[in-house]
Amino acid sequence: MVSFQPTLNQFIRARQQEYPEAVGDFSQVMNAIALAGKLISREINLAGIVDATGYTGRMNVQGEEVAKLDEWANELIVDLLGETGCVCVMGSEEVEGPISPPGSASMGRYAVLFDPVDGSSNIDIAAPVGTIFSAQRRVTESGTGHMDDLLQPGRNQAAAGYILYGSSTMFVYTTGNGVHAFTLDPTMGEFHLTTEDLKFPDKSNVYSTNEGNAGTWLEPDQRWVEWLKQNDPATGRPYSARYIGALVADFHRILLKGGIFAYPGNTAKREGKLRLLYECSPLAFVAEQAGGRATNGLRRILDIEPTGLHQRTPYYLGNASEVELVERFHSDG
Ligand code: AHG
Ligand code: MN
Ligand code: MN
């Protein structure tokens, strides 16, 4: 038998037998996201040639400039998920309210949230960007999906993950049975399994945060980052700083090399910048499945009960020991 690493399709199908109730809907949702990832990867790798750099001139609901690729990727994902007939409602960083697939397609069993392009400001400089997704079963009985199907705590997620458009294109996801990583072979247009059941390495002394904001942070976060930078080799300090400015890329490095990512709140915006439902919760699910931890400084991200589609949260993510360290600075007040 010719040996090659299983494709994403083969892997999901093989694992589908673990879910007796599975009727293939989940596989269809994942395949739609994987196809979106392949097409976005191609668009990003040709960005300057296919006029995918630059901005639309519009602002999104977040009050942020919409990059051309944000808009293009959003429309692509909405269409590909909509046509599966397995999704009853969607939530996107780029769209203010719930998105209903057309007609009967909106009777599906899943509600899917996504950040079509995470780290958009990196597109024009050919630096890493990502796509983040989160799928959960609907809570409404039937018919067109509803905001209630989207506003579920992260612990309800059926699947979550991301696609990283970096030096290679990676598809990383979990369904609650470990974290699995695939690499795109662009010559074949297939994602092949590269790591099954990925776990954080033991702690490493790397921190990832936009320290330019430290002057606006609350006092516990300022004390935490100053502690990391003290010169004390016996405790592995000072830490090294790494920050790519795209959450997916910063997280992927931490997942493989260890460390902690932090986007704290500040005196003006206590909730910080990152969005709970389609940035923080999905990566928190992946992090916990890989043996790590994700909190808002006081509470587990996956236990936060959402009240709004675009609500933000302070965010600490990475090796459990590193996140617990930050929490001690917060609980010491
Ligand atoms: P998006 O491009 O989807 O708006 O996300 C950008 C986010 C996240 O990817 C990154 O960690 C963070 O913004 C960077 O924010 P700063 O530029 O304020 O550091
Ligand atoms: Mn984002
Ligand atoms: Mn985005």
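# Manganese sites, helices and backbone

Student: How are the donor residues of the manganese ion (ligand 2) spaced in sequence?
Tutor: Donors are N, O and S atoms within 2.8 Å of the metal (3.2 Å for Na, K and Ca); water is not among the atoms, so sites may look incomplete. Written in sequence, the spacing of the donor residues of this manganese ion (ligand 2) is D-x2-D-x160-E.

Student: What conventions apply to this model?
Tutor: Residues are numbered from 1 along each chain as its sequence is written, while chains are lettered from A and ligands numbered from 1 in the order in which they are written. Side-chain values use heavy atoms, leaving out hydrogens and water, and the model is predicted: totals for chains, interfaces and linings use all residues, local features need pLDDT of at least 70, and side-chain atom pairs count only at pLDDT 80 or more.

Student: Which residues coordinate the manganese ion (ligand 2)?
Tutor: The coordination distances for this ion run from 1.9 to 2.1 Å. Asp115 lies in strand E4 (residues 110-118) and Glu279 in helix H7 (residues 276-289), so this pair ties together parts 164 residues apart in sequence. Helices (H or I, at least four residues) and strands (E, at least two) are DSSP runs, numbered from the N terminus. The coordinating residues are Asp115 (OD), Asp118 (OD) and Glu279 (OE).

Student: Which residue bridges the manganese ion (ligand 3) and the manganese ion (ligand 2)?
Tutor: The manganese ion (ligand 3) is coordinated at 2.0 to 2.2 Å by Glu93 (OE), Asp115 (OD) and Val117 (O). The two ions lie 3.7 Å apart. The bridging residue is Asp115.

Student: Are Asp115 and Glu279 buried or exposed?
Tutor: Buried means under 20% relative accessible area, exposed over 50%, and partly exposed in between (1.4 Å probe, protein chains only). Val117 falls in the buried class along with Asp115. Asp115 and Glu279 are both buried.

Student: How many residues of H7 are buried?
Tutor: Among the buried residues of H7 are Leu276, Tyr278, Glu279 and Phe285. H7 is largely enclosed by the rest of the structure, because the buried count, out of 14 residues, is 12.

Student: Which residues does Ala287 touch, not counting residues up to four places away in sequence?
Tutor: Ala287 is found in helix H7, and its relative accessibility of 0% makes it buried. Contact means heavy atoms within 4.5 Å. Ala287 touches Phe200, Phe251, Gly292, Arg293 and Leu317.

Student: At what angle do H1 and H2 pack?
Tutor: Axes are lines fitted to C-alpha atoms, for helices over the stretch in contact, and angles run from 0 to 180 degrees between N-to-C directions. Helix H1 covers residues 8-16 and helix H2 residues 25-45, and their axes are 10 Å apart. The angle is about 165 degrees.

Student: What does that make H1 relative to H2?
Tutor: Angles under 35 degrees count as roughly parallel, over 145 as roughly antiparallel, 65 to 115 as roughly perpendicular and the rest as oblique. By this scheme H1 is, relative to H2, roughly antiparallel.

Student: Which residues of H5 meet H8?
Tutor: Helix H5 (residues 219-229) packs with helix H8 (residues 320-331) at about 135 degrees, with axes 8 Å apart. On the H8 side are Leu325, Val326, Phe329 and His330. The residues of H5 are Pro220, Asp221, Arg223, Trp224, Trp227 and Leu228.

Student: What phi does Ala126 have?
Tutor: Most residues other than glycine have a negative phi, and most peptide bonds are trans. Ala126 is in the loop between E4 and strand E5 (129-137), and counts as exposed at 74% relative accessibility. Its phi is positive, near 55 degrees.

Student: Which residues does a cis peptide bond join?
Tutor: Omega of this bond is about 5 degrees. One partner, Pro238, lies in the loop between H5 and strand E11 (240-241). The bond joins Arg237 and Pro238.
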